[in-house]
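Colleague: I have a new model open and a few questions about how it is put together. Shall we go through them one by one?

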Amino acid sequence: MYDLAILGGGPAGVASGVYAARKQLKTVFITETIGGQSMDSVEIQNWIGTKAISGLDLAKSFEAHLRAYASNVVDIKLGTRVTKLEKKGGAFSIIAGEQYEARAVLVATGGVRRKLKAIGAAEFENKGLTYCASCDGPLFAGQDTVVVGGGNAGFETAAQLLAYAKSVTLLHRSAEFSKADALTVETVLKHPNMKALTNTRPIEIKGSGFVSSVVVENTQTKEKSEIPSAGVFVEIGMLPSTDFAKGTLELDEFDRVVTNPKNQRTSVEGIWAAGDCTDELYHQNNIAAGDGVKALEDIYFWIKAH
Ligand SMILES: Cc1cc2nc3c(=O)[nH]c(=O)nc-3n(C[C@H](O)[C@H](O)[C@H](O)COP(=O)(O)OP(=O)(O)OC[C@H]3O[C@@H](n4cnc5c(N)ncnc54)[C@H](O)[C@@H]3O)c2cc1C
């Protein structure tokens, strides 16, 4: 029986793993990979304390940091996928190939960005097509850009880009912006360099080595047109990795774990969640790590009191 099971090896999981080691909590750390979503990033410029680092180097530094303190306190099970988490007596059972038992659990399994399905989208990923505006936006200063997605994330991305891009064209597949806050939509659309196309979907990303245009189709008339653009920012949602917790934890309409932002507690006493798998509003490495640390502080006192 472990004191704690940490599920997931992104910034949320690793930050909490380091804290668990230092607090001497007997922990099983179960994850498929160590590093998290930004492992794909060529250059991360906003990991605090580090001017610039590639996603792969960040992943290496996460693993080195965790292993430096893990000793015989944190038992790392790398390359292992969790398939079930449930309550068992006064503790929890985690199925990940084998069965593990722990008194407390931290779910930090993050998620994956919903990928754009358009011709050329995979080919141009990280060559002008990106899933992270705050990471890559500044690279497109003075250039024409396209944002795919008319929800809050799409409008927030457009607002960020308007600070430096020459133009922003937002593509939205429906007629109304019903998924975004009305005030945000109104404010963003007022900007002189902003344009939004409703009933429009991207069907092809074109370029030569790097993105140069987006072919779009009107979803009503099927009419096609081409928009010159150096950058394509995709904001069409996240798919949280929470399947194993269905039926055990309260999830929101998007399958994200509902958490108390004060302490990262979930609907089940003894289970915490941190990072992108939660209903946290913002998705960044620093936020995920901070959530993981916050959870661990609370877990420590909870374990000592039970
Ligand atoms: C392309 C890209 C670039 C980005 N660049 C930046 C950036 O420059 N700066 C920034 O701050 N943010 C960036 N982000 C966002 C940032 O990566 C995320 O907010 C952050 O990684 C979330 O961390 P997390 O620990 O919550 O989850 P994740 O990073 O998603 O990590 C989840 C971990 O859980 C593991 N896992 C998942 N499911 C299971 C399971 N069932 N069993 C076992 N293990 C599992 C995964 O292997 C992974 O280790 C970027 C995101 C993307 C997609």
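Modeller: Yes. Keep in mind that this is a predicted model. Start with the largest nonpolar core, which has 49 residues. Ala 5, Ile 94, Val 105 and Leu 106 have the most contacts inside it.

Colleague: Which element gives the most to this core?

Modeller: Several elements each supply at least two residues of this core, among them strand 1 (2-7), helix 2 (55-70) and strand 5 (91-96). Strand 6 (98-107) and strand 17 (271-273) are also on that list. With seven residues, the top contributor is helix 1.

Colleague: Which residues does Ala 5 touch, leaving out those up to four places away in sequence?

Modeller: Ala 5 is one of the residues with the most contacts inside the largest core. Leaving out the sequence neighbours, Ala 5 touches Val 28, Ile 30, Phe 92, Ile 94, Tyr 100, Ala 102 and Val 105.

Colleague: How many residues does the other core have?

Modeller: It lies apart from the largest one. Its members include Leu 129, Cys 132, Ala 180 and Val 211. The count is 30 residues.

Colleague: Now the domains. How far apart are the centres of domain 1 and domain 2?

Modeller: The domain assignment splits the chain into domain 1 (2-112 + 238-305) and domain 2 (115-234). Taken over C-alpha atoms, their centres are separated by 32 Å.

Colleague: Where does the ligand lie relative to these two domains?

Modeller: Look at who supplies the shell around the ligand. Domain 1 and domain 2 both give residues to it, so the ligand's place is between them.

Colleague: Which residues come nearest to the ligand?

Modeller: There are 37 residues around the ligand. By class, 12 are nonpolar, 20 polar and five charged. Helix 1 (11-22) and strand 7 (111-113) are among the elements that each supply at least two of them. The nearest are Gly 8, Gly 10, Gly 36, Gly 110 and Gly 275.

Colleague: Is Asn 199 buried, exposed or partly exposed?

Modeller: Asn 199 sits in the loop between strand 11 (194-197) and strand 12 (200-207). Its phi is positive, near 50°, and it is not a glycine. Most residues other than glycine have a negative phi. Asn 199 has 15 C-beta neighbours inside 10 Å, so it counts as partly exposed.

Colleague: What is the phi of Asp 255?

Modeller: Asp 255 lies in the loop between strand 16 (238-240) and strand 17. With 17 C-beta neighbours inside 10 Å, Asp 255 counts as partly exposed. Although Asp 255 is not a glycine, its phi is positive, at about 70°.

Definitions and conventions:
Residues are numbered from 1 along each chain as its sequence is written. This is a predicted model: local features need pLDDT of at least 70, side-chain atom pairs count only at pLDDT 80 or more; totals for chains, interfaces and linings use all residues. A residue is near a molecule or strand if its C-beta atom, placed from the backbone, lies within 6 Å of it. Helices (H or I, at least four residues) and strands (E, at least two) are DSSP runs, numbered from the N terminus. Ala, Val, Leu, Ile, Met, Phe, Trp, Tyr, Cys and Pro count as nonpolar, Asp, Glu, Lys and Arg as charged, and the others, Gly among them, as polar. Domain bounds come from an automatic or database domain assignment. A nonpolar core is a set of buried Ala, Val, Leu, Ile, Met, Phe, Trp, Tyr and Cys residues joined through C-beta atoms within 7 Å. A residue is buried if 20 or more other C-beta atoms lie within 10 Å of its own, exposed if 12 or fewer, and partly exposed in between; C-beta atoms are placed from the backbone. Two residues are in contact if their C-beta atoms, placed from the backbone, lie within 7 Å.
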